[in-house]
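Student: Hey, can we go through this protein together? I'm new to this, so keep it plain.

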Amino acid sequence: MSRVYKHILPEVRKELSAWRRLASDIPDPELRMQALASIDTKQFHCQGGAVYAAIDPPYRNVLIRLIVSYQTISDYLDNLCDRSTSMEAEDFRLLHQSMLDAVDPDALQHDYYALHKEFDDGGYLSNLVKTCQSCIGMLPGYSATLPYIRDLVSLYTDLQVYKHIHPDSREEALLNWWSMHKHRTPHLEWQEFAAATGSTLAVFMLFLAATDAGLSEDGAASIHTSYFPHVCCLHIMLDYLIDQEEDRSGGDLNFCNYYTNTEMMLDRITFLVESARKDVATIPSTPFHRMIIEGLLAIYLSDPKVSEQQEVVMASKQLMKGSPLTRIFFFMNSRWIRKRLYK
């Protein structure tokens, strides 16, 4: 936490300030609005993701820049698709090709806006992709992680395509997609598999692993398995938990709504917590990864959105009951950060 306060958060703010300046110069007003909104309202995604840079000081600056750039692409495209003037799957898939290109240092860039009504971003998305590729080129063990990162980003892209198409079509599309992949996670319900594909945490962990020049493909595979699906699913289900009212208002898909009742939802989230803890016990630096799990619970359950939704307040109390000291620490710490840093 000392490193986080002293190095990580200031560097993340510095990186985001640079991207905010570029976003302010985007010629198209709609793209400019969504780019700025994604930075201003979702900066905590970058702050949380950059915690993975705290464990490896020699590569800290490279990892922070890479994680912030990659997460900024994700947040920008999520905003763009959530409030899009288009609902075409091909449009969304081409926009998200930027994320696939960003994680491949040898990839040639595409015309990401070719099917989108608004297209003049002044090179903003292209610069984000280039920055990711440049940082990846500095990670000595990246070749071992690339197949697993591609797998995760491909699944993430599929999710973003299907969840943003017309509401009348999206559930059928998601179920058809799940039917092709459910053999990978037969113990998860369809919305839980979909949630697991929506997290960037496994990608960040593989970025960190790629700082090791001696990383083997088996080592990368083990990390992939330890994070996907349970840690990733827990991450996104907590996000959906606190966003229920917001998603209702915006007509957006929320995977928490597919449980029969709140009790079932809490049982499944508890199952995900227990499964995630078991999974990370199989890889090095287990205490760090357990800290990530407890931090996820604390950060989301301490979010101001919780107090605005009575059902979520009750759910939060249930999930915090009997919490280990680490979770309680992060819960209080998260509240302190929000009060101090977001005034």
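Tutor: Sure, one term to start with: buried means under 20% relative accessible area, exposed over 50%, and partly exposed in between, using a 1.4 Å probe and protein chains only. This is a predicted model, where local features need pLDDT of at least 70, side-chain atom pairs count only at pLDDT 80 or more, and totals for chains, interfaces and linings use all residues. Residues are numbered from 1 along each chain as its sequence is written, and side-chain values use heavy atoms, leaving out hydrogens and water.

Student: OK, so is I328 buried, exposed or partly exposed?

Tutor: I328 is partly exposed, because its relative accessible area is 38%. I328 sits in helix α16 (residues 325-341); helices are DSSP runs of H or I with at least four residues, numbered from the N terminus.

Student: And how far is I328 from E294 in space?

Tutor: Their C-alpha atoms are 8.5 Å apart, with their positions 34 residues apart in sequence.

Student: Switching topic: which domains does the chain have?

Tutor: It's divided into domain 1 (1-138) and domain 2 (140-342), with bounds that come from an automatic or database domain assignment. Their centres, taken over C-alpha atoms, are 20 Å apart. Domain 1 puts 35 residues into the contact and domain 2 puts in 41, where contact means heavy atoms within 4.5 Å.

Student: Which residues touch the most other members of the largest nonpolar core?

Tutor: Y52, F207, Y227 and F255, out of 120 residues in that core. A nonpolar core is a set of buried Ala, Val, Leu, Ile, Met, Phe, Trp, Tyr and Cys residues joined through side-chain atoms within 4.5 Å.

Student: Where does that core lie?

Tutor: Both domain 1 and domain 2 give residues to this core, so it lies between them.

Student: What does Y227 touch?

Tutor: Leaving out residues up to four places away in sequence, Y227 touches Y52, L201, A202, M205, C232, V280, I283, H289 and I292.

Student: Last one: which residues of α11 make the contact with α13?

Tutor: On the α11 side it's H230, V231, C233, L234, M237, L238 and L241. They meet a set from α13 that includes M265, F271 and V280. By class, this contact has 13 nonpolar, two polar and one charged residues. Here Ala, Val, Leu, Ile, Met, Phe, Trp, Tyr, Cys and Pro count as nonpolar, Asp, Glu, Lys and Arg as charged, and the others, Gly among them, as polar.

Technical notes:
Helix = DSSP H or I, 4+ residues; strand = E, 2+ residues; numbered from the N terminus.
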